[in-house]
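Here is a short tour for someone meeting this structure for the first time. Have a look around before reading on.

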Amino acid sequence: VPANEAMPSARQKIVILGGGPNRIGQGIEFDYCCCHASFALRAAGFETIMINCNPETVSTDYDTSDRLYFEPLTAEDVLEVLAMECKAGTLVGAIVQFGGQTPLKLANALENAKINILGTSVDSIDLAEDRDRFKRLLDKLQLKQPKNGIAFSVEQSRLIAAELGLPLVVRPSYVLGGRAMAILRDETALDDYLLGTLPGLVPSDVKARYPNDKTGQINTVLGKNPLLFDRYLSDAIEVDVDALCDGKDVFVCGIMEHIEEAGIHSGDSACSLPPRSFSVDMIAKLEEETRKLALALNVGGLMNVQFALKDDEIYVLEVNPRASRTVPFVAKVIGQPIAKIAARIMAGESLASFGLKPPRLGHVGVKEAVFPFARFPGVDTVLGPEMRSTGEVMGLDRSFEVAFAKSQLGGGTKVPTSGTVFVSVRDADKPRVLDCMKMLLSLGFRICATGGTARYLETQGIPTQKVNKVSEGRPHVVDAIKNGSIQLVFNTTEGAQALADSRSLRRAALLHRVPYYTTLAGAVAASQGIKAYVAGDLEVHALQDYFG
C-alpha cells in the first residue's frame with residue numbers, strides 16, 4: 001500500500017483553487033489573485049492550502065502557501081484532496097473565484113459534496129452567467145442592457161438574428177476569453193458562424209453519435225450551452241469596473257475607460273484608470289449601478305462589471321462575480337491590495353473594517369495588451385471580440401498622454417519621433433482623424449494615404465502624398481513599409497472586403513516592427529503619446545513615488 005504523504009494538520013484551513021494551465025484568456029493575472037489570497041489568509045491566522053498544477057506560476061512555489069497539492073483541477077482530484085484535509089482540523093472552506101473559469105466550473109461539484117464555498121455563492125455565480133435569470137435581475141433593478149436573445153438550436157439562431165437585426169455579437173454561454181465570440185455584420189457572416197465556427201466546438205462523443213448530421217451535432221451542444229446574441233452597439237465606449245463587496249457595503253476600486261471601442265475583447269483593449277472623458281455625473285451613475293448589482297448578487301469579495309456607454313446611456317454588458325484579469329492593474333494604480341482585502345472578506349471580515357476611502361489619484365495608469373502575432377505566420381492582426389493577447393503592460397504618469405506613450409514602449413512598440421505616417425481610414429473616421437493629422441504634421445511628420453483618404457485630407461488643407469493600395473499595383477503601400485519609408489500606420493476598415501484587402505498591409509507593418517493602430521481611438525491616443533514623447537516629457541519614477 002502506498003504511504004500517505006498528506007498528513008493533514010489540526011489547524012483551521014482554507015483551500016484556494018488555482019487557475020491550472022495558462023492559456024489565452026486565462027493568464028497570470030489570476031495567479032496573482034491566488035497568491036495574494038494565500039498571503040492575506042496566512043497573515044489572518046489560517047493554514048492556506050493551494051491546489052494547482054502549473055509549474056510556471058508563483059502559486060506553485062513551495063513558500064507561497066502552507067501546503068501545496070500539485071494536482072490537476074478536476075472534480076475527482078480536488079474532492080480527493082479535500083476529503084483528505086477534512087480528516088483533521090477544520091476546513092473553513094474553499095475559494096473558487098480567484099483562478100478564472102477553471103475552478104469556477106468545479107463550484108457545483110464542491111457544493112454537492114457539502115464543501116463550504118467562501119465568498120459569492122454558486123447560485124449568484126450561476127445567476128450572472130444564466131442569461132434568462134440575469135435579464136430578470138436587470139429588469140428588477142431597472143438597468144439597461146443591449147437587446148438580446150438566446151438560441152438553443154441553429155433554426156432558433158436564425159429567428160433571433162432576424163428579430164434583433166444586424167450587426168450582432170454572438171457567443172456560446174459559459175466561456176472565458178471570448179472563445180468563439182464574433183461580431184456578425186451581415187447574413188453571410190451568420191451562416192459562416194453557424195456552419196463554420198460552431199462545428200469546431202462539438203465534442204467528439206457527440207460527433208460519434210450523429211456522424212452525418214452536422215446540424216444535429218450543433219443542436220445537441222446548443223441544447224445544453226445555448227448561443228447568446230446581443231445587439232452590437234457601434235461606436236460605444238466600453239467600461240470595466242472592479243468592486244469589493246461583503247453583502248452590506250460596496251467599494252468601487254476602479255473605473256477603467258477602454259481606448260478601443262466596444263466589441264473588442266476587454267483583455268485586448270488598452271484602458272485608462274481613471275477614465276479620461278467621463279463627466280462627474282457619469283462616473284457617479286456607473287458607481288451607483290455597480291453598487292446595485294453587487295448587493296443584488298450578494299457578492300462576497302471581488303466583482304467585475306462591463307458596461308457600454310452610447311449617447312449618454314449606460315448598458316450593462318456582463319457581470320462577473322469573481323476576480324477579473326484587471327485586478328493586478330487596478331491594485332497597482334490605486335495603491336490598495338484589493339485581492340488580499342477580498343480574501344479577508346471571504347474569510348468573514350467586514351469591508352468597513354478596512355477603512356477604504358475613494359482613491360484621489362494625481363496620476364493616470366494605462367494598461368496595454370501585448371500580442372504574440374509576430375510568432376504566428378499568416379495571422380491577421382485585427383482585434384475583435386475573441387481574446388488574442390498573451391500579456392499586458394502598464395504605463396503610469398501624471399498625464400494620460402505620457403502614460404500612454406510609456407505603455408506603448410513597455411509593450412515593445414518603437415514610438416516614432418519623425419518620418420512618414422500612412423493613413424487609410426473608413427469614411428466614418430475621416431473627419432475624426434483630422435486633428436491627429438494636424439498634430440503629427442506640426443511635429444514634422446509627412447503624411448501619405450490611399451486614394452479616398454488622400455483626397456479627403458487634401459480638401460481639408462493637409463498636404464498628403466497618394467500611395468497605391470496593394471490591389472492597385474506596384475509600387476504600393478506594402479512595398480513602402482518593406483523599404484522602411486513608413487514609420488507609423490493608421491488603418492481602420494469596414495466590411496469584409498476592405499478587411500481582406502488591407503490584411504497584407506497589417507502583416508507587413510507587424511513583421512517590419514512598424515507601429516500600427518486598427519481603431520480610430522488607438523490612433524488618437526497614439527498621436528497624443530507621440531507628441532508627449534517628442535516633447536521629452538517621459539520621466540521614470542518608482543511606483544511608490546505616486547503614492548508619496
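Contact here means that heavy atoms lie within 4.5 Å of one another. Keep in mind that what you are looking at is a predicted model.

With that in hand, let's start at A88. Setting aside the neighbours within four places in sequence, A88 touches P8, S9, A10 and K13. As for its place in the chain, A88 sits in the loop that runs between α2 (75-85) and β4 (90-95). Is A88 buried or exposed? Neither, quite: with a relative accessibility of 22%, A88 counts as partly exposed, because buried means under 20% and exposed means over 50%. For a sense of distance, take V330, which is 242 residues away from A88 along the chain; the C-alpha atoms of the two are 38 Å apart.

Now step back to the overall layout. The domain assignment splits the chain into domain 1 (12-118), domain 2 (147-231), domain 3 (237-361) and domain 4 (411-535). Going by C-alpha atoms, the centres of domain 1 and domain 2 are separated by 33 Å.

Next, a couple of helix pairs. Helix α1 (residues 28-43) packs against helix α12 (residues 327-334) at an angle of about 65°, and their axes are 8 Å apart. On the α1 side the residues involved are E29, Y32 and C33, and they meet V327, P328, A331 and K332 from α12. Sorted by class, that contact has five nonpolar, no polar and two charged residues.

The other pair is α5 (residues 122-129) with α6 (residues 131-141), where the angle is about 90° and the axes are 5 Å apart. So α5 is roughly perpendicular to α6. From α5 come D123, D126, L127, A128 and E129, which meet R131, R133, F134 and L137 in α6. The class count for this contact is four nonpolar, no polar and five charged residues.

What about the cysteines? A search of the whole structure turns up zero disulfides. C35, for instance, is in none, and the nearest cysteine sulfur, that of C34, is 6.8 Å away. C35 is also buried, with a relative accessible area of 4%. Then there is C253: why is its sulfur not bonded to the one in C245? The sulfur in C245 is the closest cysteine sulfur, but at 11 Å it is too far for a bond. C253 counts as buried too, at 2% relative accessibility.

Last stop: the backbone. Most residues other than glycine have a negative phi, and most peptide bonds are trans. A few spots here go the other way. The table lists two cis peptide bonds by their omega values.

| Cis peptide bond | Omega |
|---|---|
| L166 to P167 | about -5° |
| R474 to P475 | near -5° |

Both prolines can be placed in loops: P167 is between α7 (154-164) and β6 (168-172), and P475 is between β18 (465-466) and α17 (477-482).

As for phi, D312 has a positive value of about 65° although it is not a glycine. You'll find D312 in the loop between β12 (300-310) and β13 (313-320), and it is exposed, with a relative accessible area of 63%. R513, not a glycine either, has a positive phi of about 55°. Look for R513 in the loop between α19 (503-511) and β20 (516-517); R513 is exposed, at a relative accessible area of 57%.

Conventions:
Residues are numbered from 1 along each chain as its sequence is written. This is a predicted model: local features need pLDDT of at least 70, side-chain atom pairs count only at pLDDT 80 or more; totals for chains, interfaces and linings use all residues. Side-chain values use heavy atoms; hydrogens and water are left out. Domain bounds come from an automatic or database domain assignment. A disulfide is a pair of cysteine sulfur atoms within 2.5 Å. Buried means under 20% relative accessible area, exposed over 50%, partly exposed in between (1.4 Å probe, protein chains only). Axes are lines fitted to C-alpha atoms, for helices over the stretch in contact, and angles run from 0 to 180 degrees between N-to-C directions. Helices (H or I, at least four residues) and strands (E, at least two) are DSSP runs, numbered from the N terminus. Ala, Val, Leu, Ile, Met, Phe, Trp, Tyr, Cys and Pro count as nonpolar, Asp, Glu, Lys and Arg as charged, and the others, Gly among them, as polar. Angles under 35 degrees count as roughly parallel, over 145 as roughly antiparallel, 65 to 115 as roughly perpendicular and the rest as oblique.
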